[in-house]
Amino acid sequence: MIEPKQIIPLFPIAVGCYHFGDVTELKDRVREYIKDRPFNSNNDNPNLKHYLQKGDNTDGSVNINDSFFNHFDDTGLEAFFNESAYHFHTTILGLSIQSPYRVVDAWVNHCSQGNQSFHAHINSFISGTFYLDHDETAAPIEFVNPSVTHQTEPAISFSPDYTKTTIFSQPAAQIKPEPGDLLLWQSHIRHGYNNNQSPNRLSLSVNMIPQIVFSHRYGFEVSPITKEWN
């Protein structure tokens, strides 16, 4: 039988977990705030509601300039998110940077039951989820392995053999966070969850990007939208 001398695991995918602290008071504030707010129902799960999400709301309004931090600017979360993203970018990913990070989008998610379809985010470099409430029956977040899900194309690819799954072929991996945890990852990584059984799954989604994006001889500066858009 042929056996390798050594298996060398190269190029792991990083997910950072940064802890903010106790969020009991903030959780209660957010729950009270969203009671009478318009929301978007998730396309695949009507039990998943998105508040302060940019785009069309089900009441006919359009939310382009609004954000979570327009209503909760006294929490210290925005600075915590940006500082965590900067640390993740520079220290964990080991990438160069010319400026601080900035949040470009932040919205509330409340799921009382069911799934969130797997998806990735656009127009950002680092995305994250901050957990306000996540009890024992709340579904863990799950990340999809891009090397076995045809995300890198063109390529010849083969389906995983689930009877011989390894760290290289496992299709997905789960993380069970705690309230106050911020999970960060590169925005192109697909993520979602299955079979949430908790009515208390409450989180913030966030997209972030350096204020200055520069590589080689080309770059640009990111600024928030301040005017009204139809």
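How do the residues lining the second largest pocket divide into nonpolar, polar and charged? I took this question to the structure, which is a predicted model.

**Entry 1: second largest pocket**

I found 15 nonpolar residues, six polar ones and no charged ones in the lining of the second largest pocket. For the volume of this second largest pocket I noted about 610 Å³. I then listed its lining, which comprises 21 residues, with F11, P12, I13, N145 and I167 closest to the centre. Turning to secondary structure, I recorded that β9 (141-144) and β10 (172-175) each contribute at least two residues to this lining. I noted β10 as the source of the largest share, four residues.

**Entry 2: largest pocket**

I next looked up the largest pocket, which holds about 1,200 Å³ of space. Its lining consists of 45 residues, and I marked K54, V104, D105, W107 and N207 as those nearest the centre. The elements giving two or more residues to this lining include the helices α2 (68-71) and α3 (77-92). I entered the strands β6 (101-111), β7 (114-119), β8 (126-133), β12 (191-196) and β13 (201-210) under the same heading. From β6 comes the largest share of the lining, six residues.

**Entry 3: residue classes in the largest pocket**

Which classes make up the lining of the largest pocket? I counted 24 polar, 15 nonpolar and six charged residues there. Beside this I set the second largest pocket again, whose lining has no charged residues.

Key. Residues are numbered from 1 along each chain as its sequence is written. This is a predicted model: local features need pLDDT of at least 70, side-chain atom pairs count only at pLDDT 80 or more; totals for chains, interfaces and linings use all residues. Side-chain values use heavy atoms; hydrogens and water are left out. On a 1 Å grid over the protein atoms alone, a cavity is a set of points where a 1.4 Å probe fits but cannot get out, and a pocket is an open set with protein on both sides within 12 Å along at least five of seven lines; lining residues have an atom within 4 Å of a point. Grid points are joined across faces, edges and corners, and a volume is the space filled by probe spheres set on the points. Ala, Val, Leu, Ile, Met, Phe, Trp, Tyr, Cys and Pro count as nonpolar, Asp, Glu, Lys and Arg as charged, and the others, Gly among them, as polar.
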